[in-house]
Amino acid sequence: MAERFTKSAARNIFYGGSAFFFVTFVALTIHSHYYMRTVSTDESTLTEGVVRGKHVWEKNSCINCHSILGEGAYFAPELGNVWVRYGGREDPEGARAALVAWMQSQPSGIQGRRQMPQFNLTDQELNDLSDFLEWTSRIKTQGWPPNDAG
Amino acid sequence: MKYETQGIAYWYFVCAMALFVVQVLVGALAATVYAVPNFLAEILPFNILRMIHTNALIVWLLLGFFGSAYYLIPEEAERDIESPMLAYVQLAILMIGALGAVIGYTLGIHEGREFLEQPLWVKIGIVIAALIFLYNVSLTVLKGRKTAVANVLLLGLWGLALFFLFAFYNPSNLAVDKLYWWYVVHLWVEGVWELIMASVLAFLVIKLTGVDREVVEKWLYAIVGMALFSGLLGTGHHYYWIGAPGYWQWVGSIFSAMEVAPFFAMVVFAFTMAWKGRRDHPNTAAFLWTLGTPVMAFFGAGVWGFMHTFSFVNYYSHGTQVTAAHGHLAFFGAYVMLNLSIISYAMPHLRGYAPYNQVLNMWTFWIMTSAMAFMTFTLTFAGVVQIHLQRVMGLTYMEVQEQLALFYWMRLGSGIFVVISVLMFVYAMFGPVREQALGRTRPSVMPAE
């Protein structure tokens with residue numbers, strides 16, 4: 001019995017099986033790509049501002065403190081739904097003003113509290129970042145996070 | 001050392017250990033910020049510390065893999081590395097890139113996708129270095145003996161280089177960005193890196209136990225088969241909540257639950273072979289690391305991953321300290337310990353001594369492993385409390401974090417022990433040789449390799 005499972009059998013199963021699962025994975029990725037662009041995100045609202053805002057998000061390495069859709073550094077609050085938490089669904093202008101004011105007032109300097117750096121963003125960058133966070137909050141994420149706390 | 005060009009590995013290991021020290025020192029600083037939030041806030045904010053911590057880890061692990069390849073491929077292929085000069089050029093490119101990146105980060109020069117923050121010139125440098133490396137080792141293997149260990153190692157290293165190319169694709173749609181970002185991150189650590197890990201482990205087992213190569217290599221193919229069959233579709237456990245279709249909750253849950261299998265198989269493999277082995281190898285420290293690696297990988301990557309991989313659990317645990325706990329022990333158990341194993345094994349050959357400073361090395365093993373386990377426990381408890389307060393009770397993020405201070409202090413404590421043990425390891429391997437192993441029971445048949 002033991003001899004039936006030889007080294008070359010193990011090798012062939014490895015190569016054949018891996019190829020099969022890789023092709024399956026790529027096929028599902030292609031479908032997911034299509035699904036994301038047509039169903040779960042709204043590309044008609046993916047404006048220049050959102051694109052620039054994503055760049056602001058990246059250039060300042062926000063993800064190495066915050067998380068977005070649950071991915072990031074877990075050191076600071078989840079921002080995938082920050083727009084919702086700030087009441088952006090009901091009052092977009094109010095949420096935008098609050099986000100901008102928050103960014104501009106950092107660091108708080110409070111002892112014993114985590115400090116967010118002052119990134120000295122321009123008005124344009126602050127607006128673009130808000131656009132990006134607003135757009136992100138509308139991604140259909142299968143109902144995640146469980147509540148507004150993120 | 002049978003082949004002169006194996007000596008290339010020495011310099012890769014030196015550079016890897018230098019970055020390892022940077023990684024844990026900066027990690028300790030970041031852990032201090034968790035405990036004392038105002039620490040360094042104005043000089044080096046947390047996001048910069050974390051970038052250095054994670055990037056230094058990735059680069060030193062890669063240097064360790066490259067060094068391992070340069071060490072073991074001559075023995076497997078039974079010929080010298082094609083071009084030692086290219087190997088040193090490759091090392092220089094990587095070190096210039098790594099140091100340039102770290103200095104740049106402290107000055108605020110970086111990109112901003114997690115783990116892929118390297119500036120474009122560094123990314124291009126990594127690709128060039130990878131091409132040089134693949135050319136060099138592939139040619140060596142093609143012209144020499146072809147073994148399963150070398151085949152699987154090469155496949156893993158080719159996959160590593162190919163999937164890194166997704167680092168250059170950054171779509172403006174955040175959901176699509178994340179879909180392919182995982183092609184680098186997941187397909188590295190839960191895919192092709194496992195091929196590298198299994199093949200290096202197989203090499204060590206052959207050398208340390210003397211078990212017949214045919215047996216070891218059959219195990220090797222079975223293990224890497226399990227790794228890819230589960231790990232490829234297991235990527236789905238990252239696709240639950242990023243805007244991907246709902247079927248990933250089924251695909252991801254089922255396949256990633258099976259990602260435990262290859263790690264469990266590695267434990268059974270290493271211990272079975274050690275049991276069967278006839279050889280009483282004098283390098284007991286390397287043996288200890290080699291047996292410890294699959295065990296800690298099984299707990300860190302396997303058990304701690306399994307714990308929150310089902311979508312109905314992950315719905316609550318996603319993006320909390322539970323993820324951090326898993327990340328720390330998985331990287332340590334699988335890849336840090338693997339590198340420390342091969343370094344412990346290879347250094348006596350590279351320096352031309354019988355196995356040396358073994359007692360200190362074994363102390364290092366126990367202190368580092370215990371400290372990492374303790375760190376993982378503290379973060380796990382922090383995560384569970386966080387999940388309950390934040391995801392169930394709905395307290396705000398910052399309110400919850402204040403409740404976790406005790407856990408963060410304990411994590412800092414364990415982190416300091418990790419730093420100490422890392423320095424001990426470096427001293428044991430690269431410091432003065434104070435005691436050497438004598439042939440223990442059968443000096444006349446002391447193995448040459």
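The chat below goes through a predicted model, its annotated regions, its pockets and a few backbone details.

Q: What kind of model is this, and how are things numbered?
A: The model is predicted, so local features need pLDDT of at least 70 and side-chain atom pairs count only at pLDDT 80 or more, while totals for chains, interfaces and linings use all residues. Residues are numbered from 1 along each chain as its sequence is written, chains are lettered from A and ligands numbered from 1 in the order in which they are written, and side-chain values use heavy atoms, with hydrogens and water left out.

Q: Chain A to start with. Which residues does UniProt list for "domain: Cytochrome c"?
A: Residues 48-137 of chain A, in an unreviewed entry. UniProt positions are given in the numbering used here, feature names are shortened, and annotations may be inferred rather than shown by experiment.

Q: How much helix and strand is in residues 48-137?
A: That stretch of chain A is 49% helix and 4% strand, and its end C-alpha atoms are 17 Å apart. Helices (H or I, at least four residues) and strands (E, at least two) are DSSP runs, numbered from the N terminus.

Q: And where is the "transmembrane region"?
A: The UniProt annotation, again from an unreviewed entry, covers residues 12-36 of chain A. Those residues are 100% helix and 0% strand, with end C-alpha atoms 36 Å apart.

Q: How is chain A divided into domains?
A: Domain 1 is 7-39, and domain 2 is 47-109 + 116-137. Their C-alpha centres lie 36 Å apart. The bounds come from an automatic or database domain assignment.

Q: Pockets next. What volume does the largest pocket have?
A: About 690 Å³. Of its 33 lining residues, the closest to the centre are A:His66, A:Pro77, A:Leu79, A:Trp102 and A:Met116.

Q: What counts as a pocket, or a cavity?
A: Both are found on a 1 Å grid over the protein atoms alone. A cavity is a set of points where a 1.4 Å probe fits but cannot get out, and a pocket is an open set with protein on both sides within 12 Å along at least five of seven lines; lining residues have an atom within 4 Å of a point. Grid points are joined across faces, edges and corners, and a volume is the space filled by probe spheres set on the points.

Q: Which elements line the largest pocket?
A: α3 (82-85), α4 (92-104) and α5 (123-137) of chain A and α14 (397-403) of chain B each supply at least two residues. By class, the lining has 22 nonpolar, eight polar and three charged residues. Here Ala, Val, Leu, Ile, Met, Phe, Trp, Tyr, Cys and Pro count as nonpolar, Asp, Glu, Lys and Arg as charged, and the others, Gly among them, as polar.

Q: What about the second largest pocket?
A: About 330 Å³ of space lies there. It has 18 lining residues, and A:Pro117, A:Gln118, A:Phe119, B:Pro45 and B:Ile48 lie nearest its centre. α2 (46-77) and α3 (84-106) of chain B are the elements that give two or more residues to this lining.

Q: How many cavities are there?
A: The structure holds five of 30 Å³ or more. The second largest takes up about 120 Å³. Its lining has 13 residues, and B:Lys178 is among those nearest the centre. Seven of the lining residues are charged, five are nonpolar and one is polar. The largest share, four residues, comes from α6(B).

Q: Is B:Lys178 buried or exposed?
A: Buried, with a relative accessible area of 5%. Buried means under 20%, exposed over 50%, and partly exposed in between (1.4 Å probe, protein chains only). B:Lys178 is in helix α6 (residues 174-209) of chain B, and its side chain reaches the backbone oxygen of A:Ile68 at 3.0 Å.

Q: Different topic. Which peptide bonds are cis?
A: One is from A:Gln106 to A:Pro107, with omega near -5°. Another is from A:Trp144 to A:Pro145, with omega near 0°. A:Pro107 is in the loop between α4 and α5 of chain A, and A:Pro145 is in the segment after α5.

Q: Why mention a positive phi?
A: Because most residues other than glycine have a negative phi. A:Tyr74 has a positive phi of about 60°, and lies in the loop between β2 (71-72) and α3 of chain A. B:Phe115 has one of about 70°, in the loop between α3 and α4 (120-143) of chain B.

Terms used
Polar contact = N/O pair within 3.5 Å; in protein donor to acceptor, adjacent residues only side chain to side chain.
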